[in-house]
Amino acid sequence: MIFSTVGAAFGTSKAGIGIAGLGGFKPELIMKSLIPVVMSGIIAVYGLVVAVLISGNVKSEGYSLAAGFIHLAAGLACGMTGVAAGYAIGIVGDSCVRAYVHEQRVFVSMVLILIFAEVLGLYGLIVALIMNTKAIEAKC
């Protein structure tokens, strides 16, 4: 969860800088420019979901070493893709929001690029969920 929130924090801060710069020139565009910040927040939710699922499967008795390593790998898979997705969302969000001040036609391409960056985090979530299922099977 830590890595996912680091990625989300970076994405939020980097995109927020661009939004703050936009607000001085065209304050009416601020609400549409919040999309990168919202998408960064979703990255943190992916890490939270994986952390809750893993912690629900950890027991003091009958917890094998293999299950522990699988859970570690699942957490790292989700966390590292969260860092990558947050970084990508932050950089793209900052640049596109700054370009959005000058040309409003950039908005659609900004949203498409942000969706592709967000999918990186979603891939990590899917892999972590599959690995969590394998860790449950490894306990037997």
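Q: How many disulfides does the structure hold?
A: In this predicted model, the count rests on cysteine sulfur atoms within 2.5 Å of each other. Cys78 is buried, at a relative accessible area of 2%, and Cys96 is buried as well, at 13%. The number of disulfides in the structure is 0.

Q: What pattern does the protein chain follow along the sequence?
A: The protein chain contains 4 helices. Strands number 0. Read from one end of the sequence to the other, the pattern is therefore α-α-α-α.

Q: What percentage of the residues of the protein chain count as buried?
A: The C-alpha atoms fill a box of roughly 60 × 20 × 15 Å along the principal axes. A residue counts as buried when its relative accessible area is under 20%. Of the 140 residues in the protein chain, the share that meets this criterion is 36%.

Q: What share of the contacts with a separation of 6 or more comes from residues 24 or more positions apart?
A: Contact here means heavy atoms within 4.5 Å. Within the protein chain, among contacts with a separation of 6 or more, the part due to residues 24 or more positions apart is 83%.

Q: Which helices do the buried residues of H2 pack against?
A: Helix H2 covers residues 35–57 and reaches 34 Å from its first C-alpha to its last, close to the 33 Å expected. Its buried residues include Pro36, Met39, Ser40, Ile43 and Val50. These buried residues of H2 have as packing partners H1 (2–25), H3 and H4 (106–138).

Q: Is Ser40 buried or exposed?
A: Ser40 is found in helix H2. Beyond its neighbours within four places in sequence, Ser40 is in contact with Ala8, Gly11, Thr12 and Ile89. Because its relative accessible area is 0%, Ser40 is classed as buried.

Q: Which helix gives the most to the largest nonpolar core?
A: The largest nonpolar core has 26 residues, and those with the most contacts inside it are Leu22, Ile43, Val50, Ile89, Met110 and Leu114. H1, H2, H3 and H4 each supply at least two residues of this core. With 9 residues, the helix that gives the most is H3.

Q: Which residues is Ile89 in contact with, leaving aside its neighbours within four places in sequence?
A: Ile89 is one of the residues with the most contacts inside the largest nonpolar core. Two other residues of that group, Ile43 and Leu114, also appear among the contacts of Ile89. The full set for Ile89 is Pro36, Met39, Ser40, Ile43, Leu114, Ala117 and Glu118.

Q: Is Asp94 buried or exposed?
A: Asp94 has its place in helix H3, which spans residues 65–102. Apart from neighbours within four places in sequence, Asp94 is in contact with Lys14, Ala15, Ile17 and Gly18. Since its relative accessibility is 9%, Asp94 is buried.

Q: Which residue does a polar contact of 2.8 Å join to the side chain of Asp94?
A: A pair of N or O atoms must lie within 3.5 Å to form a polar contact. At 2.8 Å, the side chain of Asp94 has as its partner the side chain of Arg98.

Q: Which residues does UniProt list for "domain: V-ATPase proteolipid subunit C-like"?
A: The UniProt entry is unreviewed and lists two spans. Over residues 1–54 the chain is 81% helix, with end C-alpha atoms 11 Å apart. Over residues 72–131 the chain is 95% helix, with end C-alpha atoms 10 Å apart. The residues listed in the record are 1–54 and 72–131.

Definitions and conventions: Residues numbered from 1 in each chain as written. Predicted model: local features only at pLDDT ≥ 70, side-chain atom pairs only at ≥ 80, totals over all residues. Heavy atoms only, no water. UniProt positions renumbered as here; feature names shortened; annotations may be inferred. Buried < 20%, exposed > 50% of the residue type's maximum accessible area, 1.4 Å probe, protein only. Polar contact = N/O pair within 3.5 Å; in protein donor to acceptor, adjacent residues only side chain to side chain. Expected span 1.5 Å × (residues − 1). Core = buried A, V, L, I, M, F, W, Y, C linked by side-chain atoms within 4.5 Å.
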